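The exercises below concern charged side-chain pairs and the exposure of the residues that form them. Work through each with the model at hand before reading its solution.

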Amino acid sequence: MNNKKPNEEADGEHLNPYTIALQLDSGSVTPSGVPVNPKIREHISGCDSCRELWGKYLAAELKLQSVRGGGSVKSDDCPPLQQWFAMAAGLAKNDEAAKLFSHAATCSECAKLLKRSLEEFRSPASEREQE
């Protein structure tokens with residue numbers, strides 16, 4: 001999905017970090033971590049690189065769930081707000097997005113920024129701006 005709008009689903013191309021984060025953040029997964037969306041589920045079952053990326057994001061999401069309400073406080077190592085919005089917009093490269101997501105898994109302040117940026121790009125205003 002590298003050359004598509006961030007809200008498009010898998011259709012034979014690779015998933016982007018935005019799509020994976022959005023699926024996990026919206027709870028569009030089964031309790032065992034399998035995506036509910038049939039196109040995404042089918043894609044990761046047949047694509048090793050996307051299955052690996054999904055696993056990394058799922059592991060980070062589980063860590064995020066365990067630190068919500070706790071975890072570290074903002075530090076000098078925390079990425080700037082612009083990087084969170086770039087990731088939410090689907091502009092971050094896969095490895096960069098994975099690092100950001102891993103950081104958010106251990107930092108409650110950045111987890112809030114990640115959630116805020118994802119919500120911002122899901123808002124009706126953002127959908128109109130994409131058209």
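**Exercise 1.** Is E109 buried, partly exposed or exposed?

*Solution.* The model is a predicted one. The relative accessible area of E109 is 31%; because partly exposed covers the range between under 20% and over 50%, E109 counts as partly exposed.

**Exercise 2.** Find the salt bridge that E109 forms with K112, and place both residues in the secondary structure.

*Solution.* Begin with the distance: the side chains of E109 and K112 meet at 3.4 Å, N to O, which lies within the 4 Å cut-off for a salt bridge. Next, locate the residues: both belong to helix α6 (residues 108-122), where they are three residues apart, about one turn of the helix. Finally, consider exposure: K112, with a relative accessibility of 52%, is exposed, whereas E109 is partly exposed.

**Exercise 3.** How many salt bridges does a search of the whole structure find, and which residues of helix α3 take part?

*Solution.* The search finds three. In helix α3 (residues 48-67), D48 and R51 are three residues apart, about one turn of the helix, and their closest N and O atoms are 2.2 Å apart. D48 is exposed at 56% relative accessible area, while R51, at 36%, is partly exposed. Also in helix α3, K56 and E52 are four residues apart and thus separated by about one helical turn; their side chains form a salt bridge at 3.5 Å, N to O. K56 is partly exposed, its relative accessible area being 47%.

Conventions:
Residues numbered from 1 in each chain as written. Predicted model: local features only at pLDDT ≥ 70, side-chain atom pairs only at ≥ 80, totals over all residues. Heavy atoms only, no water. Helix = DSSP H or I, 4+ residues; strand = E, 2+ residues; numbered from the N terminus. Buried < 20%, exposed > 50% of the residue type's maximum accessible area, 1.4 Å probe, protein only.
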